[in-house]
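I opened this model to look at its strands and its aromatic rings. My notes follow in the order I looked things up.

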Amino acid sequence: MAEQQPVFQIQRVYLKEASLEQPNSPAIFLQNEQPSVDIQLNVAGEPVADGVFEVSVTATVTTKIADKTVFLVEAKQAGIFEIRNVPSTQMGPVLGVVCPQIVFPYLRGNMADLVQRAGFPPVHLQEINFQALYEQQQVAGGATNGAAGQQIQ
């Protein structure tokens with residue numbers, strides 16, 4: 001009997017959640033200083049059905065001037081992927097590298113749009129090397145599926 005061919009299909013990419021806070025508005029709009037920016041990134045993956053996985057990439061951007069928050073924005077972009085007949089040794093890289101690379105451009109666009117709609121210049125998240133992040137996590141003894149808890153600062 002012939003071996004079954006691997007299956008990898010994108011079922012859906014969607015914005016799972018988004019929030020924006022401007023706790024010091026409108027006074028913060030009168031500031032002329034450049035804010036400091038802190039960016040946190042998290043990747044997570046979990047099975048939702050047999051051969052179907054949800055992979056999400058969450059970005060949190062905090063901007064401050066001195067000790068005052070200019071804005072805090074967080075968005076979680078997710079995708080549902082059908083992944084079948086893939087060797088178990090390859091599932092970590094698929095969930096931790098391939099899927100986040102597909103989801104991330106949508107997250108970048110949604111983050112930039114959300115920040116711009118709030119009245120600020122858009123925040124453009126830099127491209128992420130998910131392969132390097134995955135490898136770092138494996139060296140550090142990360143999750144076995146390779147898709148949880150990666151952060152960038």
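**Strand pairing.** I began with β1 and strand β4, residues 68-84. They run antiparallel and are joined by 13 bridges. This is a predicted model, and I read it as such. For one point of register I looked up L15, and found Q77 of β4 standing opposite.

**The sheet.** Next I traced the strand order. I found an open sheet of 4 strands, ordered β1-β4-β3-β2, with antiparallel pairing. Which strands stand at the edges? They are β1 (7-21) and β2 (36-49). Each has a single partner strand, so one side of each is left without a neighbour in the sheet. I also checked the turn between neighbouring strands: on average it is 15°, direction ignored.

**The helix.** I then looked at what α1 lies across. This helix spans residues 88-117 and lies across β1, β2, β3 (52-65) and β4. Against β4 it runs at about 140°.

**Aromatic pairs.** I searched the whole structure for aromatic pairs and got 4. I noted two of them in detail. A pair of aromatic rings is described by the distance of the centres and the angle of the planes.

I took F8 and F81 first. Their centres are 5.7 Å apart, with 25° between the planes, and the pair is stacked. The angle falls under the 30 degrees that counts as stacked. What does this pair tie together? F8 lies in strand β1 and F81 in strand β4, so the pair links parts 73 residues apart in sequence.

Buried or exposed? I looked up both residues. F8 is partly exposed, at 34% relative accessible area. F81 has 0% relative accessibility and counts as buried.

I turned to F71 and F120 after that. This aromatic pair is tilted, at 4.8 Å centre to centre and with 40° between the planes. F71 belongs to strand β4, while F120 sits in the loop between α1 and α2 (130-139). The pair therefore ties together parts that are 49 residues apart in sequence.

I checked accessibility here too. F71 is buried, with a relative accessible area of 4%. F120 is also buried, at 11%; the cut-off for buried is under 20%.

**The cluster.** My last look-up asked which residues form one aromatic cluster with F71. The cluster consists of F29, F71 and F120.

**Recap.** I close with β4, the strand I kept coming back to. It is joined to β1 by 13 bridges, has α1 lying across it, and holds F81 and F71.

Methods. Residues numbered from 1 in each chain as written. Predicted model: local features only at pLDDT ≥ 70, side-chain atom pairs only at ≥ 80, totals over all residues. Heavy atoms only, no water. Pairing = 2+ DSSP bridges. Helix = DSSP H or I, 4+ residues; strand = E, 2+ residues; numbered from the N terminus. Axes fitted to C-alpha atoms, helices over the stretch in contact; angles between N-to-C directions. Contact = heavy atoms within 4.5 Å. Phe/Tyr/Trp six-rings, centres within 6.5 Å; stacked < 30°, edge-to-face > 60°. Buried < 20%, exposed > 50% of the residue type's maximum accessible area, 1.4 Å probe, protein only.
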